[in-house]
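I set out to record what I looked up in this structure, entry by entry. The notes follow the order in which I went through the sheet, the helices and a few single residues.

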Amino acid sequence: MKILLPVDGSEQALRAARHVAAMGGDLPKPPTVLLLNVQPPVASGLVRRFLSQEALDGYYRDEARGALESVEAVLTQSGVPAESHVVVGDIAATIAEFAASHGCDQIVMGTRGLGGVKGALLGSVATEVLHLTDRPVLLVK
Amino acid sequence: MHDIPTGAAFWFALLQIIGIDIVLSGDNAVVIALASRGLPPEQRRRAVLLGTGAAIAMRVMLALVAAALMSYPGLKLAGGLLLLWIGVSLLRPQGSEGGHDGPTSTTMAGAVRTILLADVAMSLDNVVGIAAAAKGSALLLILGLAISIPLIIFSSAVLLRLMDRYPVIIVIGAALLGWVAAEMMITDGLIHTWLQANVPYVHWVAPVLGALLVVVVGKWLASRLPAPVHEVPLAESRGEPIATHKEREP
């Protein structure tokens, strides 16, 4: 079983990770967990003419590190193997696309993460992912 | 030239300048932050200060020149068209890859050079926008820059995050540019008299149309472009790997 766990450093994402860790313990064979942190692109075309890809990637890696580390710790503690990925793009679309291209059986994510006012009720990202993906989605409150 | 704004119009124009400056300075903030990333912390602070100081000086000078040029007939029209385009491009999805292949500069001089070069190229949109919103008032222009630039320097990280999280800020900024562009275009000497005589309420109708035009066209273009996706390689050379825990797989 291959689980996609999108994380953004929020408390909700951490709770989703704990759920996956608990779920992983119950399964006969530990699931493969893909951690995905999506970074919104910061550089317009003009900016990119002045910066190296290396500098941009370094920035995204630093931004992603915090979100990934806490979740990695939760999962490794429970003996569930996890593989981290950082992708730059539109958040919901990237999650859906990543689940498809990596053949994930399920997406587990928090109902809402760091998204703002728009996502106050049901996370806007979660809602959008539901619309975009054909995989089962498990929302953790 | 416009009538120099007073009273409520003055404050409205000042807010416009600050708003425009904030949404259009995101790019500069990114370059300043990223170009100095490779430097040790102490040098980084100096590179940021040098870069932003130069940016302020350049913008005040260029904006004054632009504001003076705007009194020639036809130039307001051209400037307005340029601003409409700048507003539309603000709404286009940002690319996620395609930075040049060159190495990241690790020297102070290299970082400052990158910041300055980028500033020259990227303050043009800013300058035209501010000159338009200032409506010929040098006081407004300098005041607006004096307020917004420190705001940008000292809170660029916060601003970038806010814009990521609340994309509606960008839409408001783009609408503002459309508004200001139309406001400027209708006062151009070539068409001003004709518009006054033939189009009722042109001072309200045109800015609203300008704002709508920018948002609708920008959104439409954005929806036609595929969102770019780029995976960041995690196998970095320095620091502990946050990369993969594959090896722990049983």
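**Entry 1. Strands β1(A) and β4(A).** I began with strand β1 of chain A, residues 2–6, and found it joined to strand β4 of chain A, residues 106–110, by two bridges. I noted that these two strands run parallel. For a specific pair, I recorded Ile3(A), which stands opposite Gln106(A) in β4(A). I note that the model is predicted.

**Entry 2. The whole sheet.** I then asked in what order the strands of the sheet follow one another. I read the order as β5(A)-β4(A)-β1(A)-β2(A)-β3(A)-β1(B), six strands in an open sheet with mixed pairing. At the edges I found β5 (137–140) of chain A and β1 (230–232) of chain B, each of which pairs on one side only. I also noted that neighbouring strands of this sheet are turned by 30 degrees against each other on average, with direction ignored.

**Entry 3. Strand β3(A) and its two partners.** I looked at β3(A) from both sides. Towards β2(A), I counted seven bridges, and the two strands run parallel. Within that pairing, Leu35(A) stands opposite Ser84(A) in β3(A). Towards β1(B), the pairing of β3(A) is antiparallel and extends over three bridges. Here I recorded Glu231(B) in β1(B) as the bridge partner of Val87(A). I then asked how many of the residues of β3(A) are buried. Six of its seven residues are, and I therefore entered β3(A) as mostly covered. As a reminder to myself, side chains in a regular strand alternate between the two faces of the sheet.

**Entry 4. Helices across the sheet.** I next looked up which strands helix α3 of chain A lies across. Helix α3 (residues 53–77) of chain A lies across β2 (32–39) and β3 (82–88) of chain A together with β1 of chain B. I recorded its direction as about 145 degrees to β2(A). Helix α4 (residues 91–101) of chain A lies across β1, β2, β3 and β4 of that chain, and runs at about 150 degrees to β2(A).

**Entry 5. Chain A overall.** I listed five helices and five strands in chain A. Along the sequence I wrote their pattern as β-α-β-α-α-β-α-β-α-β. Of the 141 residues of chain A, 48% count as buried. Among contacts in this chain between residues at least 6 apart in sequence, I noted that 77% join residues at least 24 apart.

**Entry 6. Met23(A).** I located Met23(A) in helix α1 (residues 11–26) of chain A. Why does Met23(A) count as partly exposed? The reason is that 19 other C-beta atoms lie within 10 Å of it, whereas a residue is buried at 20 or more. I also looked up Val80(A), 57 residues from Met23(A) along the chain, and found their C-alpha atoms separated by 9.7 Å.

**Entry 7. Helices α1(B) and α7(B).** Turning to chain B, I examined helix α1 (residues 7–24) and helix α7 (residues 168–185), whose axes come within 9 Å and cross at roughly 125 degrees. I therefore entered α1(B) and α7(B) as oblique to each other. The crossing of α1(B) with α7(B) is left-handed. From α1(B), I listed Gln16(B), Gly19(B), Ile20(B) and Val23(B). These meet Ile169(B), Ile170(B), Gly173(B), Leu176(B), Leu177(B) and Val180(B) in α7(B). By class, I recorded seven nonpolar, three polar and no charged residues in this contact.

**Entry 8. Helices α4(B) and α5(B).** I found α4(B) and α5(B) packed at an angle of about 120 degrees, with their axes 10 Å apart. I therefore entered α4(B) and α5(B) as oblique to each other. I noted their crossing as left-handed. Gly79(B), Leu82(B), Leu83(B) and Ile86(B) in α4(B) meet Asp125(B), Val128(B), Gly129(B) and Ala132(B) in α5(B). The contact of α4(B) with α5(B) has five nonpolar, two polar and one charged residues.

**Entry 9. Thr107(B).** I closed with the loop between α4 (75–90) and α5 (108–134) of chain B, where Thr107(B) lies. Is Thr107(B) buried or exposed? I entered Thr107(B) as exposed, because 12 other C-beta atoms lie within 10 Å. Thr107(B) and Leu39(B) are 68 residues apart in sequence, and their C-alpha atoms are 6.6 Å apart in space.

Key. Residues numbered from 1 in each chain as written. Chains lettered and ligands numbered in written order. Predicted model: local features only at pLDDT ≥ 70, side-chain atom pairs only at ≥ 80, totals over all residues. Helix = DSSP H or I, 4+ residues; strand = E, 2+ residues; numbered from the N terminus. Axes fitted to C-alpha atoms, helices over the stretch in contact; angles between N-to-C directions. Parallel < 35°, antiparallel > 145°, perpendicular 65-115°, else oblique. Left-handed = near helix turned anticlockwise from the far one by under 90°. Contact = placed C-beta atoms within 7 Å. Nonpolar A, V, L, I, M, F, W, Y, C, P; charged D, E, K, R; others polar. Pairing = 2+ DSSP bridges.
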